Amino acid sequence: MLIAFLAKEIKSHLMTFRFMAALLVTFLLIVLSVWVLGNDFVLRNQLYVKLSESYAEQSDDVYVPSQFSPMMHKPPTPMSIFAQGKEKRLGNAVVFSRWSVPSDAIDQLTNNKLTADRLSYDLMTIFILIISLFSLLITYDAFSGERETGTLRLLCSFGLSRASIFTIKFIAGFVVISLPFLLSFVSALLVLQFVHAIAFTGAQWLAIALIVFACLIYCAVFIVIGLVCSAVSNRSSASLVLALFIWALAVILIPALGNSMAKFFAPLLPPEEIEQLELQTAAELKVILAKYMEEETPRIGGSWQGAYILDEKVSLFDTFSVAGYNDILQYARYQERLKQERAERIWNAKRNHVVREKEQAELAAILSSISPAFQLRDVFTRLSGTGFKEYDIFLDGCRRYRQAVLQDFRRRGYFDRNIHDLFMRLPKEYFSSDEVIRKRWDDYLARRDSGVPLQDILTWERSYQPLREDLFPHFQYRGAQPDFNAALWPIGLLSLMAAVIFFIGFAVFIRYDVR
Amino acid sequence: MLHIIKQQIKEGLKDARFVFLAILILSTFLVNGLVFSEQYKADMDSWRRSVNQTTRLLEEQTSNLQLLSNYEQTMVKRPSPLAFIAGGGEDRIPNSITVNAFRYMDPQTISRDNKVMPVVQSMDWIFIIGNLMTLLAVFISYNSVCGEKRDGTLALLLSNPVSRLQIFLGKYLGLLIVLTATLITGALLSLAVLLLTGALTFSAELLLMTAIVMLISGITLSLMLLLGMTVSSCTGHPAVSLVVLLVIWVVIVVAVPGIAWILSEQMVKVPSSFELGREMAAAQEAIWDSKPESAQNLFGDLFSENYRLWAEGWTEVVAMRQLIGDDAVATQIGQAELQQDYASISPTGLLDAILHKVCATGVEGFKSFYRGARRYQQQLLEFTVAMDRADDDAESPHIVYSQGNRSIDRMFSTKPVALSTVPRWHQLSSERILPDAAQFAFIELLILVLENLLVAAIGFVAFARYDPR
């Protein structure tokens, strides 16, 4: 009896025009979105590969360790096809610098920022906005509609308990919504496989499975909301409106209000503080260094040479005596130490700002937690690795890499005893005595005056061999990983919501007047 | 007919579903007011601080003309006071450009937003009216004809000595009045919040602007209503009509803009910053290769031929790089505008395009900002040349040039200048609220009106042939 009733329910839904339309629209939207974003991902990935290669090539231009400034890249993740998240809002490349701690990434993969303001129609958005609407439409008149047509009375006169009727309506609705979704999603995956040849790792497949699971629970939540609305009013048009009202509240209003209220109650520290600090410390440093050069290392002399040291391009032209050469080394040591200290100081200030940002975001999450749309968004971004967390992990990796390189430099003495090797291309012998230096300088002038081209003269400098690539540590980044632990909580919450609303609906239906 | 209108209005207002939806729309307008007022105030604060900082830093450079002309100012675009209408995506459009006397470049997006916060749908008026109110229009019109047929009241209505045209118009106007009443109430609510919290100041311009936006939105919503009535007159069953309309709504709101994005990306290829860098480097190399050897060797004194060639070469390089940069920006703008054009096939897309133009946000806002940067750079250059000419220091060859952001010392005047004579960025002027005639989207508005007439005609024909039994 139960099975027969269930079968009848499902059939009656499937045979409607409504269902066909929903199926068609869902299919079109999901397949189209995945195809488009898949294409976009392929292009971004190609650009990423090209960039990594070209930066590897550019390492041919590193002749001295001070020129070592590789770019650390964050590859785009194929999971961003399903949930764009912050993939295009946050950066994906950081340049190594001894004098600044990585705290922000630049975006090297987005070509046109002007088109970036459009709503991106990824699977996540489609689900949150549209599939939820469809779920409501399937069940909003489950009871009130049948009551209007008079068939509800008949239904209740069969030997079925109200509990079973309610459950069966739920199952029928669920099947009717999950079929189009699963069908569309599988087609979309096929498109990715065959049209774009995108491969997922094992962990990513598991993440996809969990995402599908979360989507199904999300559908279930809205189906029971539809059932509740249906059981609360007598007329189907009234239940439709109630359902839409709840939809707008849950999907649009609550997340927006949650964000606004969090901004109001947990305001951020003004970013000008950091800018001020940067400018102020830079100015102070300039003064300190100028004073040091004047007092401690006066033999460097001349603003031209000074400028060269700041650019780290000291060459033969700047030293006319051993004493001058030693002054250059001393100054370079001092400058290096001060600049690294400044970097740490600025980073500590920025860290406080980030802590506040995280607090604000957590408050927004708490305030919006009652919205199933918010929870689903959370699941998507955590499992696809396109949220802030992955960005943070990447930056952390960049910072640790910088530390590793600095430690390596320190070990080799590049910041104290071997500072010559850090930035000088000329071998130490060239500065062994005043006579040697003078002789080379006269030699150079003679050649220049006799018309030898500059490039040929400068071959005296250490042979233009770039440093070996494997001399210094390489940046490793494992790529965006799905965060399974963090995703379990929102999934759990969604399931809880579904269960609670189910029981509310059940309680309401028990008392429903079927006449 | 007046009677029919009154009856429709009364029915509409009494209906529980309308009440709920109206409450929904009004609360979203309220949220819109709250969110944007807070955001605008924060944005204006930070913009004012950045302007002050720029001025302070500029002052420090006035001791040396050469330093001043090379000094790179970061110009930040003034936040638009009309962001609450059409500023949903403003936080991602580039809003800062680096300018000095020789070049303007590097459009960046300086964002004050919390990077950690999850992304939420931005609720500007375009979203509320284009997405939510169009849905509302669908819901009040889907059973305007076939619902009455099912209830049996349509036959009664038609039995009156009133023509079908009058009935059709009466229903349409009744629904339109209900919808626009909601719209105007919501808009006033939103404005009230913005004025009360002090984010905006009351002015006749603001009111006029709101009126214009109301008119444009009204025409868009009218189109949706007519669409609803047309579909309602083509089917016998309200459920069918509702589903068809919802499918149409999804196509209008989601599918068309999405496809527009795909198409625009396919048709206009925008170079990546990496490609641009390579292009610029190649162009630079080509320029230096074409110059004699001596141009790259700086020997002798400032007055020698080497230095002159060096300066010439660099001027060419900077101009070439600027050209490449300008081209890239033009391509980006072209792609964005193409996307907007394709999306305008749908009424929501059209509304989006019109409101962005009229409020000078989005691509339009960026275009005028970019042009402003170019103008300012030219002003700075003219100023530098004039000041250099006025300086009769014989120890400088007075060649005004730059390698981008530095020049060899003493190639041109290094005398101090007065801050008051230095040209300033003019975006400090008061909020421009009303659009110029050129900005007004006349053609798009015309298309909207024509679409209205077309759908009205189809709808009426369908209604005229409708069997009320």
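**Questions about chains A and B**

Biologist: How far apart are the mean positions of the 53 positive and 51 negative charges of chain A?
Modeller: Lys and Arg count as positive and Asp and Glu as negative, leaving out His and the chain ends. Each charge is placed at NZ of Lys, CZ of Arg, CG of Asp or CD of Glu. For chain A, the mean positions of the two sets are separated by 9 Å.

Biologist: Thanks! What kind of model is this?
Modeller: Residues are numbered from 1 along each chain as its sequence is written, while chains are lettered from A and ligands numbered from 1 in the order in which they are written. Side-chain values use heavy atoms, without hydrogens and water, and local features need pLDDT of at least 70, side-chain atom pairs pLDDT 80 or more, while totals for chains, interfaces and linings use all residues, the model being predicted.

Biologist: Which secondary structure does chain A have, and what is its radius of gyration?
Modeller: Helices (DSSP runs of H or I, at least four residues) and strands (E, at least two) are numbered from the N terminus, and chain A has 17 helices and two strands. The globule rule (2.2 Å times the number of residues to the power 0.38, for a radius taken over C-alpha atoms) gives 24 Å for 515 residues. Chain A is well over that, so it is more spread out than a compact globule, with a radius of gyration of 33 Å.

Biologist: And what radius of gyration does chain B have?
Modeller: Its C-alpha trace spans about 105 × 45 × 40 Å along the principal axes. A compact globule of 469 residues would be near 23 Å, but chain B has 29 Å.

Biologist: Let's turn to the interface. How much area is buried between chain B and chain A?
Modeller: Contact means heavy atoms within 4.5 Å, and 74 residues of chain B are in contact with 72 residues of chain A. Buried area is the accessible area (1.4 Å probe) that two parts lose on being put together, summed over both. Carbon and sulfur atoms give 67% of the total, which is about 6,800 Å².

Biologist: Which three residues of chain B supply more of its buried area against chain A than any other three?
Modeller: Happy to name them. Together they supply 12% of the area that chain B buries against chain A, and they are Arg92(B), Lys115(B) and Met117(B).

Biologist: Is Thr182(B) buried or exposed?
Modeller: Thr182(B) is in helix α8 (residues 164-196) of chain B. Leaving aside neighbours within four places in sequence, Thr182(B) is in contact with Phe18(B), Ala22(B), Ile25(B), Leu26(B) and Met133(B). Buried means under 20% relative accessible area, exposed over 50% and partly exposed in between (1.4 Å probe, protein chains only). At a relative accessible area of 5%, Thr182(B) is therefore buried.

Biologist: What value does phi take in Ala360(B)?
Modeller: Most residues other than glycine have a negative phi. Ala360(B) is in the loop between α13 (347-359) and α14 (362-390) of chain B, and is partly exposed at 28% relative accessibility. Although Ala360(B) is not a glycine, its phi is positive, at about 55°.

Biologist: Where is His398(B) found?
Modeller: His398(B) also has a positive phi, near 55°. With a relative accessible area of 26%, His398(B) is partly exposed. In chain B, His398(B) is found in the loop between α14 and α15 (442-464).
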